[in-house]
Amino acid sequence: ASLEIFGMAPNDLLGRCFFDFETQPAHISNRRFLATLKKHGEIKNYLTHLINVNGQDRWVGINARVSFDDGHRMVGIRGTARDITEQHAAAERIEHLAKYDQLTELPNRVSLQQTIDSAIETGGYGALLLLDVDHFKYVNDNFGHCAGDQLIIGVAGVLRETLREVPARIYRLGGDEFVVHLPECLRAQAMQVAE
């Protein structure tokens with residue numbers, strides 16, 4: 001497990017701090033971890049992101065408990081660490097699938113709704129351009145869904161290229177429907193981008 005998580009043999013870890021491998025500055029995570037331990041006496045399912053000596057990302061779940069001496073002074077910490085890198089990657093993949101269109105890899109309707117909700121909550125403004133592909137049903141019906149998929153992928157690519165220099169985000173709502181979000185954009189600017 002030592003080799004798998006840290007890329008080091010157990011003996012090479014002696015004298016090293018677990019948080020030396022943290023992706024964040026070690027003292028921040030170390031302080032947060034120890035403060036929680038001191039306050040509650042134990043930690044369950046503490047999640048930390050490490051980079052091992054080989055430069056690989058590892059996600060580790062920690063359960064720990066403080067050990068006290070007879071005078072109730074803290075003398076040590078004992079616990080377990082589990083490599084949950086695969087589970088974490090699977091969870092991120094599921095979240096990605098929920099927010100991104102599988103065909104074009106563009107953010108989807110769920111992502112758009114979150115963006116709009118966030119803008120409304122913060123008092124932001126902007127514009128939405130709604131686009132669809134004329135005669136898309138004809139392409140699907142006469143040339144097949146594979147051709148339709150290729151057309152959608154092509155349209156997504158053209159939109160990305162066309163809007164490369166514009167502060168915009170493109171979404172695919174489904175079928176042949178796309179939305180371009182232009183944050184902090186007024187009507188005149190939105191009309192220019194649409195043209």
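These notes cover a three-stranded sheet, a helix and a hairpin in a predicted model.

1. The sheet. Strands 1, 2 and 3 form an open sheet in the order 1-2-3, with antiparallel pairing. Strand 1 (42-51) and strand 3 (74-83) are the edge strands, and each pairs on one side only. On average, neighbouring strands of this sheet are turned by 30° against each other, direction ignored.

2. Strands 1 and 2. Strand 2 covers residues 57-68 and pairs with strand 1 over 8 bridges, in the antiparallel sense. One bridge to check: T48 partners V60 in strand 2.

3. Helix 4 on the sheet. Helix 4 (residues 85-99) packs on the sheet and touches strand 1, strand 2 and strand 3. The direction of helix 4 makes about 125° with that of strand 2.

4. Helix 5, length and ends. Helix 5 (residues 109-121) has 13 residues, which at 1.5 Å a residue should span 18 Å; the end C-alpha atoms are 18 Å apart, so the two agree. N108 caps the N-terminal end: a side-chain oxygen of N108 lies 3.0 Å from the backbone nitrogen of V110. Just after helix 5, G123 takes a positive phi of about 75°.

5. Helix 5, two sides. S111, L112 and T115 are buried. They cover an arc of only 100° around the axis, so they sit on the same side of helix 5. I120 and E121, on the other side, are exposed. The buried residues of helix 5 pack against helix 4, strand 4 (126-132), strand 5 and strand 6.

6. The hairpin. Strand 5 (residues 169-174) and strand 6 (residues 177-183) run antiparallel and are joined by 5 bridges. R172 stands opposite F178 in strand 6. The hairpin has 2 residues between its strands, and G175 in the turn has a positive phi of about 55°.

Conventions
Residues numbered from 1 in each chain as written. Predicted model: local features only at pLDDT ≥ 70, side-chain atom pairs only at ≥ 80, totals over all residues. Heavy atoms only, no water. Pairing = 2+ DSSP bridges. Helix = DSSP H or I, 4+ residues; strand = E, 2+ residues; numbered from the N terminus. Axes fitted to C-alpha atoms, helices over the stretch in contact; angles between N-to-C directions. Contact = heavy atoms within 4.5 Å. Expected span 1.5 Å × (residues − 1). Buried < 20%, exposed > 50% of the residue type's maximum accessible area, 1.4 Å probe, protein only. Arc of directions from axis to C-beta. Polar contact = N/O pair within 3.5 Å; in protein donor to acceptor, adjacent residues only side chain to side chain.
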